[in-house]
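Hi everyone, thanks for making time for this. I'd like to walk you through one model today, so let me put it up on the screen.

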Amino acid sequence: LINLERVSKSYGVRPLLDDVSLGVGEGDRIGIVGRNGDGKTTLLEVMTGLEEPDSGRVSRSRGLLVGYLHQGDELVDTHTVREAVLAGRDDHEGAADPRTREIVEVLLAGVELDRAVLGLSGGERRRCSLAALLLLDPDLLLLDEPTNHLDVEAVAWLADHLAKRPSALVVVTHDRWFLDAVCQWTWEVHDGVVDVYEGGYAAHVLAKAERQRQAAASEGRRQDLVRKEPAG
């Protein structure tokens, strides 16, 4: 669906992505982890096209519909919640479709559909944006911290909902349980590179420890060889 070929992106003197090549295929569910400021959001924005890479190439499938939940929102203050989320669908249509009804009932619990967007709290705006995005039904969902402002039940529902969707998913989150429940791959962004691990968060931690152990063993053997070489 999306391919990054030798992509680099810096802010100031700091390279956040350095010669990164990655791809997202149909049905992939990928979790992105890393320290704050290491480039997780930048990677998402390069994938969506909101940010252009300094070098390298980003290609997307023709006609690809991407839904992006970013840290801000694009809700229109003069709209009602109904207009913002249901985007012109009438209530009968929404009520007749169990999936639409479920998304609205879970994510907008306690939020009146006739309320103006202007009066919503940050958390309510966030939940409206997520609901609208899930109803859009894109080919690829890119979610930046989707579990923020959700209670435990809503997080569990979202994990189950995303795991059942056929669309591909790339998610940035600090919620380790959520990563394990939803993701088949983990991308760790650090020092300008992206390491790819199979499995969710727990599998990534184990695989990373094993990679570090092997690297240390390899370095140990190299040091032994250096010590054994006769001084020329």
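Let's start with a single residue. I32 is buried, because its relative accessible area is 0%. Do keep in mind that this is a predicted model. So where does I32 sit? Its place is in strand 3. Leaving out residues up to four places away in sequence, I32 touches K40, L43, L44, V170, V171, V172, T173, W187 and V189. There is also a long-range pair to look at: I32 and L179 are 147 residues apart in sequence, while their C-alpha atoms are 8.8 Å apart in space.

Now for a contrast, please find S61. This residue is in the loop between strand 4, residues 55-60, and strand 5. Is S61 buried or partly exposed? With a relative accessible area of 33%, S61 is partly exposed, because buried would need a value under 20%. S61 and Y201 are 140 residues apart along the chain, and their C-alpha atoms are separated by 28 Å.

Let's zoom out to the sheet. Here 6 strands form an open sheet with mixed pairing, and the order is 5-6-7-3-8-9. Which strands are at the edges? They are strand 5, at 66-69, and strand 9, at 193-198, and each of them pairs on one side only. From one strand to the next, the twist averages 15 degrees.

Back to the strand that holds I32. Strand 3, residues 29-33, pairs with strand 8, residues 185-190, in the parallel sense over 4 bridges. If you click on V33, its bridge partner in strand 8 is E188. The sheet also has a helix on it: helix 5, residues 122-136, packs there and touches strand 5 and strand 6, the latter at 140-144. The direction of helix 5 makes about 170 degrees with that of strand 5.

Last stop, a pair of helices. Two packed helices are described by the angle between their axes and by the distance between those axes. Helix 4, residues 98-107, packs with helix 6, residues 152-164, at an angle of about 150 degrees, and the axes are 10 Å apart. That angle is why helix 4 is roughly antiparallel to helix 6. Their crossing is left-handed. On the helix 4 side, the contact is made by R99, E102, I103, V106 and L107, and helix 6 brings A154, W157 and H161. By class, this contact has 5 nonpolar, 1 polar and 2 charged residues.

That's the tour. Thanks for listening, and I'm happy to rotate the view for anyone.

Technical notes
Residues are numbered from 1 along each chain as its sequence is written. This is a predicted model: local features need pLDDT of at least 70, side-chain atom pairs count only at pLDDT 80 or more; totals for chains, interfaces and linings use all residues. Side-chain values use heavy atoms; hydrogens and water are left out. Axes are lines fitted to C-alpha atoms, for helices over the stretch in contact, and angles run from 0 to 180 degrees between N-to-C directions. Helices (H or I, at least four residues) and strands (E, at least two) are DSSP runs, numbered from the N terminus. Angles under 35 degrees count as roughly parallel, over 145 as roughly antiparallel, 65 to 115 as roughly perpendicular and the rest as oblique. A crossing is left-handed if the near helix is turned anticlockwise from the far one by less than a right angle, and right-handed if clockwise. Contact means heavy atoms within 4.5 Å. Ala, Val, Leu, Ile, Met, Phe, Trp, Tyr, Cys and Pro count as nonpolar, Asp, Glu, Lys and Arg as charged, and the others, Gly among them, as polar. Two strands pair if DSSP finds at least two bridges between them. Buried means under 20% relative accessible area, exposed over 50%, partly exposed in between (1.4 Å probe, protein chains only).
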